[in-house]
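This report describes a structure for a reader who has not met it before. Please look over the sequence and the model below, and then read on.

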Amino acid sequence: MYDPTFGSAALARHLNKSDFLKQPALKNEAHKEAVVTQAVTTARNGFSSLPLTPNNMAGRTIYQVSDLACDLVLRKAAQNIRKITASKQGSRVEIVRRLKLLCEEGLPFTVAKMDVKNFYPSVDQDFLSSQLRNRLMTAPSTRSVVRSLIEQCKVNSVNGLPPGLAISAELSEFYMQDFDQQMREQLNAHYFARYVDDIVLILPELDNPNSLKVKIEDALPAGLKLNFSKSRIYQFSNAKMKTPNVEHCFDYLGFKFSVFNTDKDRPVSRRVELDIAPSKIRKNKTRIVKSLLQYLSDGNYDDLTDRVRILTCGYQFFDERQQKKRSAGLQHTYSLINRNAPALAELDKFFSGMVLCRSGAIGGRLALALTNSQRKELLKHSFVSGFANRVHFRFSADRLADLMECWKYV
């Protein structure tokens with residue numbers, strides 16, 4: 001039975017396997033009880049201090065809580081918020097699947113793709129506090145913990161919500177609930193979805209598309225603004241072509257959508273092709289380069305082989321946070337693309353070019369470091385075949401983290 005309190009039993013259930021690996025002293029029952037007791041005290045009295053450790057990840061500041069007792073309190077508060085408010089992040093794959101189906105309709109329509117600027121740091125802490133008072137009246141302990149978190153963010157000069165914490169994800173969904181409902185009820189949209197800070201709508205033809213951006217920005221909660229440089233509106237006409245061409249391309253949630261004109265022979269539907277977005281292709285190319293540079297640095301060929309497997313194939317690991325096995329990798333992240341998607345062939349061409357190159361800053365060094373048999377072995381792995389044949393490998397969570405360290409901030 002679900003326990004919303006911050007008692008010792010409820011907090012202890014939020015200890016996971018990785019906590020014991022990071023802090024072997026937790027295997028001592030007395031030490032574990034001391035940590036849980038400290039968490040109970042923190043939940044009751046608030047955070048006397050909150051050790052937020054910042055890390056730079058691809059130009060963004062990501063935070064971690066370095067004190068386990070404090071982290072247990074935040075984990076429990078995040079669970080309570082999710083249960084009480086029924087806030088839940090949408091399924092990325094399901095959003096893309098529905099968006100593709102709707103774009104296949106033969107009628108004229110509009111796709112509005114909006115991006116919230118600097119999402120987490122722009123959340124208005126005082127407005128969030130007022131929302132908590134109004135909507136979490138039945139959960140005073142959880143409200144008190146979040147209020148204490150906000151106070152510590154102010155003390156640590158952290159604006160909005162600290163990215164990287166599970167509770168920040170839950171609070172951001174809570175913060176956007178009224179906005180989401182308003183979008184669904186007031187804009188006459190055929191479809192609305194939001195994945196964190198990425199918004200998409202499908203609407204009828206618009207007489208004044210630019211006014212839509214103003215309406216959406218006006219509906220955003222306090223502190224939030226649209227990033228107009230990343231927000232786009234695409235109008236799809238009713239023109240029927242004998243030989244349909246791509247009418248518009250747009251990227252959303254890592255996918256590239258190529259939407260064709262309607263066909264004269266099939267006027268009720270359009271062809272829509274999905275591929276990997278150019279920005280994600282670049283990211284994978286960078287990870288290939290980072291993997292090769294790491295090999296040139298440490299000479300560990302087994303690690304290089306495993307990194308290539310991670311990039312080109314699927315892999316399984318145990319998710320400590322959710323306490324279950326999970327599958328990941330290109331074939332899962334982009335399960336909706338076809339096996340003949342151009343991005344896969346492009347990535348294979350880049351990978352083989354890097355491995356076979358014998359000149360330049362990286363190729364010249366690889367020519368001396370890799371044997372011909374090692375090159376052949378590496379090139380047995382392919383983005384195209386790994387995706388088509390659903391090739392999988394298993395890695396422990398620690399092994400996976402160690403292998404991915406060289407591209408952690410890409």
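Arg399 and Asp402 both belong to helix 19 (residues 397-404) and sit three residues apart, about one turn of the helix. Helices here (H or I, at least four residues) and strands (E, at least two) are DSSP runs, numbered from the N terminus. The model is predicted, so local features need pLDDT of at least 70 and side-chain atom pairs count only at pLDDT 80 or more, while totals for chains, interfaces and linings use all residues. Residues are numbered from 1 along each chain as its sequence is written, and side-chain values use heavy atoms, with hydrogens and water left out.

**Salt bridges**

The structure holds 18 salt bridges, a salt bridge being a side-chain nitrogen of Lys or Arg within 4 Å of a carboxyl oxygen of Asp or Glu. Three of the pairs are listed here.

| Pair | Closest N to O distance |
|---|---|
| Asp19 and Arg75 | 2.8 Å |
| Arg271 and Glu273 | 3.1 Å |
| Arg399 and Asp402 | 4.0 Å |

Asp19 and Arg75 link distant parts of the chain: Asp19 is in helix 2 (residues 17-22) and Arg75 in helix 4, 56 residues apart. Both Asp19 and Arg75 are buried. Buried means under 20% relative accessible area, exposed means over 50%, and partly exposed lies in between (1.4 Å probe, protein chains only).

Arg271 is partly exposed at 44% relative accessibility, and Glu273 is partly exposed at 38%. In helix 19, Arg399 is partly exposed, with a relative accessible area of 25%, and Asp402 is partly exposed at 44%. Salt bridges that share partners join Asp303, Asp306, Arg309, Arg399 and Asp402 into one network.

**A charged residue without a salt bridge**

Asp115 is located in strand 3 (residues 109-115). Asp115 is buried but has no salt bridge, and the nearest side chain of opposite charge, Lys230, is 4.9 Å away. For charge, Lys and Arg count as positive and Asp and Glu as negative, while His and the chain ends are not counted. Apart from neighbours within four places in sequence, the residues in contact (heavy atoms within 4.5 Å) with Asp115 include Asp197, Asp198, Lys225 and Lys230.

**Nonpolar cores**

A nonpolar core is a set of buried Ala, Val, Leu, Ile, Met, Phe, Trp, Tyr and Cys residues joined through side-chain atoms within 4.5 Å. The largest such core has 59 residues, and those with the most contacts inside it are Leu128, Ile167, Leu171, Phe179 and Ile216. Helix 4 (residues 68-85) gives the most to this core, with nine residues. Not counting residues up to four places away in sequence, Leu171 touches Ile81, Leu128, Leu132, Val146, Leu149 and Leu161. A second, separate core of 56 residues includes Phe351, Leu370, Phe383 and Phe387.

**Cysteines**

A disulfide is a pair of cysteine sulfur atoms within 2.5 Å, and by this rule the count is zero. The sulfur of Cys70 lies 12 Å from the closest cysteine sulfur, that of Cys153, which is too far for a bond. For Cys313 the closest cysteine sulfur is in Cys406, 16 Å away and also too far. Cys70 is buried, with a relative accessible area of 5%, and Cys313 is buried at 3%.

**An exposed strand residue**

Lys325 lies in strand 13 (residues 324-329) and counts as exposed at 70% relative accessibility. Leaving aside neighbours within four places in sequence, Lys325 is in contact with Phe317 and Phe318. Lys325 and Gln181 are 144 residues apart in sequence and, C-alpha to C-alpha, 34 Å apart in space.
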